[in-house]
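Let's talk through the salt bridges here, and how each label follows from its cut-off. Have a look first.

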Amino acid sequence: MRALCWNGVDDLTVETVDEPTLITPRDAIVRVRLTTTCGSDLRVIDGSLPGMREGDVLGHEFMGEVVEIGREVGAHAVGERVVVPSFIGCGGCWYCANDLHSLCDTTNPCPELQQPVLGFPTAGRYGSSHPLSGYQGSHAQYVRVPFADVNCFAVPEEVSDEQALFLSDAVPTGFMGADFCDISPGDTVAVWGSGGVGLMAGHSARLLGAERVVIIDRLPERLAMARKEFDAETIDCTAVESVPEALREATGGRGPDACIDAVGMGGHGTGLHRIYDRAKQLLHGETDRATALREAILAVRKGGVVAVLGVYDLLDKFPMGAVTTKNVTIRTAQQYGQRYVPLLFDYVRRGELDPAYLITHDMPLEDSVSGYDLFENRREGCVRVVFRP
């Protein structure tokens, strides 16, 4: 089969690789109909998240059609359209039983690579580094889905392939961030980042009852999308001296009730903080630019919530004093897709959410190397690129 492979830092090629096969009787083989880029893929591609091996297949956000099932798969049949969350749950461990599937104790076959750093291993994930299990990814014609009854969700007839695709990762991640904010009527929610996850976080905050949603970014076409799709207020972070100060001014001096960081380690800061972060990165003193997280903590009102969806590794200058003194609650996780997908299908069927608007570029898998160039460099107004194997 054809697949997009990682061959080294910033070295991608579309190659012919072996097709996946059933390994356990609980597996399914899914023919990928659609798969999409994600910002966390860029951290894998550029080596920020180490542990990739030459020939690894990239991608973790996808939907497709079941073409083969193991003898113990009972909830799905060949020919069924399914969407698959990016983290793999077993359905039987304590974490899966408590709807914390991205923390599954069973599905990471390389726990010894994570435990020294994190204390405990997380669940396996498609198309990521070997400390995150080394499962082959979705930028391919076929994918093996372990524990298929837990990880495959049948797509309702009324939901299109393009809508279902983003229920694999972007929508449940964004919805989880909004869910973490404990939104009450009248609340103001600020979201850093208007990529796929940030837009879905802002849209979800609106669905959950936020009166005002403020999106912070530097890309005018993405800010325009937020205004159009869910009536967001927007702040161009390059046009203000201080984002926290701009948010305080917009909220009568109090600050947003909740803030969502949908940027992570790749954030673009301004001024002295950006110079400081870049210097520390070059000296290997830190790996992340935590501009969005710092600003969110400083901006949120006293007693407010900061939800962190962006991926981080080694941070510097974390404002813990502001967290404790302001009584800020920080909530963060890798997305629990299995918890949210059925609920999200309902929003799509009712016409309250159509995540297909995230698609700005659509191309064959054979063009995926150029697709990632578009995506990484935000050229041509790119928000998400969809590949069709």
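Q: What makes the contact between D373 and R379 a salt bridge?
A: In this predicted model, the N to O distance between the side chains of D373 and R379 is 2.2 Å. The cut-off is within 4 Å, so the pair qualifies as a salt bridge.

Q: Why is D373 called partly exposed?
A: The relative accessibility of D373 is 33%. Buried would need under 20% and exposed over 50%, so D373 falls in between and counts as partly exposed. Its partner R379 gets the label partly exposed too, with a relative accessible area of 36%.

Q: Which residues are joined into one network by salt bridges that share partners?
A: Those are R31, R33, E65, R81 and D161. The search of the whole structure finds 18 salt bridges.

Q: How do you know that R2 and E366 form a salt bridge?
A: Their side chains meet at 2.8 Å, N to O, and that is within 4 Å. R2 sits in strand β1 and E366 in the loop between β17 and α14, so the pair ties together parts that are 364 residues apart in sequence.

Q: Why is R43 called buried, while its salt-bridge partner D46 is called partly exposed?
A: R43 has 19% relative accessibility, and under 20% means buried. D46 has a relative accessible area of 24%, which lies between 20% and 50%, so D46 is partly exposed. The two side chains meet at 3.3 Å, N to O.

Note on methods
Residues are numbered from 1 along each chain as its sequence is written. This is a predicted model: local features need pLDDT of at least 70, side-chain atom pairs count only at pLDDT 80 or more; totals for chains, interfaces and linings use all residues. Side-chain values use heavy atoms; hydrogens and water are left out. Helices (H or I, at least four residues) and strands (E, at least two) are DSSP runs, numbered from the N terminus. Buried means under 20% relative accessible area, exposed over 50%, partly exposed in between (1.4 Å probe, protein chains only).
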